[in-house]
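Look at the sequence and the model below. This report walks through a few of its contacts, one group at a time.

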Amino acid sequence: MRPPAYQQLADELRAEITSGRLQPGERLPPEPELCVKIGVSRSTVREALRLLASQHLIVTTRGVTGGSFVAHPDAEQLADGLSTGFALLTHSAVIGLADLLELRRALEVPAAGLAAVRREETHLTELRSALFDPDIDDFDTMLAAHSSFHRAMAKASGNPLFELVGRPLYQASYGEDVIGSLPEGYWIRIDSDHRAMIECLAAQDADGAARVAGAHIDYISDAVH
């Protein structure tokens with residue numbers, strides 16, 4: 001079945017953007033020009049542009065100097081687009097907990113090493129603000145803090161791709177069976193690991209940070225299986 005005209009136009013423009021032929025900040029052709037060039041109505045062009053805007057690929061402004069421009073990449077916004085597909089996969093039989101932990105290891109160990117070298121004081125502040133108290137905080141608070149901590153670690157790596165891929169990963173929810181089987185002292189160990197990683201980053205100890213990150217994933221893997 002042939003896709004609707006607005007979808008075809010959006011696909012063509014998306015290809016121009018993702019290939020780099022249209023650069024961030026570059027203005028797209030005006031709507032009347034697109035109508036003539038593609039041979040579609042103005043309403044079709046507008047629908048295609050709305051679709052691209054919803055995917056954070058373009059921004060549209062009004063006024064004399066207005067128009068549609070290729071958006072500058074933003075890891076947080078782009079991650080939103082990944083989150084939907086990621087959530088669908090993690091709640092299906094296609095992706096299991098072992099797959100998630102495997103991806104976490106591939107990301108977190110090198111990210112921790114890079115963060116120790118590249119971190120700034122603002123990163124350390126953000127990481128410290130994501131700590132929790134396992135003696136008084138409830139499960140939801142600790143889970144949210146855990147997610148915030150690892151997103152901050154990805155940001156501290158200085159590589160926006162770690163942040164892009166990590167954001168939807170850390171939004172993945174625990175299954176009820178996992179929540180009910182966490183061993184005693186689980187959150188005490190998680191808190192201890194987080195604090196040890198911060199110490200390594202503060203000392204700019206890349207090897208130590210990577211080692212703690214690896215042991216952190218080892219513990220989680222053993223605890224949830």
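## An aromatic cluster

F132, F139, Y186, W187 and Y219 form one aromatic cluster. Keep in mind that this is a predicted model. Across the whole structure, a search finds four aromatic pairs. One of them joins F132 and W187. Their ring centres are 5.7 Å apart, and the planes meet at 80°. The pair is edge-to-face because planes over 60 degrees apart count as such.

Where do F132 and W187 sit in the chain? F132 is in the loop between α6 (121–129) and α7 (139–156). W187 belongs to helix α10. The two residues are 55 residues apart, so the pair links distant parts of the chain.

## Buried rings

Are F132 and W187 buried or exposed? F132 has a relative accessible area of 4%. W187 has a relative accessibility of 10%. The cut-off for buried is under 20%. F132 is therefore buried, and W187 counts as buried too.

W187 also pairs with Y186. This pair is edge-to-face, with 5.0 Å from centre to centre and 90° between the planes. Y186 and W187 are both buried.

## D193 in helix α10

Helix α10 covers residues 186–202, and D193 lies in it. How much of D193 is accessible? Its relative accessible area is 7%. D193 is buried because that value is under the 20% cut-off.

Which residues does D193 touch, leaving out those up to four places away in sequence? They are V212 and H216.

## Where α1 meets α3

Now turn to another pair of helices. Helix α1 spans residues 5–18, and helix α3 spans residues 42–54. They pack at an angle of about 50°, and their axes are 8 Å apart. That angle makes α1 oblique to α3. It is not under 35 degrees, so the helices do not count as roughly parallel, and it falls short of the 65 to 115 range for roughly perpendicular. The crossing of α1 and α3 is right-handed.

Which residues meet here? From α1 come A5, Y6, Q7, L9, A10, L13 and R14. From α3 come T44, V45, E47, A48, L49, L51 and L52. In this contact, 10 residues are nonpolar, two are polar and two are charged.

Note on methods
Residues numbered from 1 in each chain as written. Predicted model: local features only at pLDDT ≥ 70, side-chain atom pairs only at ≥ 80, totals over all residues. Heavy atoms only, no water. Helix = DSSP H or I, 4+ residues; strand = E, 2+ residues; numbered from the N terminus. Buried < 20%, exposed > 50% of the residue type's maximum accessible area, 1.4 Å probe, protein only. Contact = heavy atoms within 4.5 Å. Axes fitted to C-alpha atoms, helices over the stretch in contact; angles between N-to-C directions. Parallel < 35°, antiparallel > 145°, perpendicular 65-115°, else oblique. Left-handed = near helix turned anticlockwise from the far one by under 90°. Nonpolar A, V, L, I, M, F, W, Y, C, P; charged D, E, K, R; others polar. Phe/Tyr/Trp six-rings, centres within 6.5 Å; stacked < 30°, edge-to-face > 60°.
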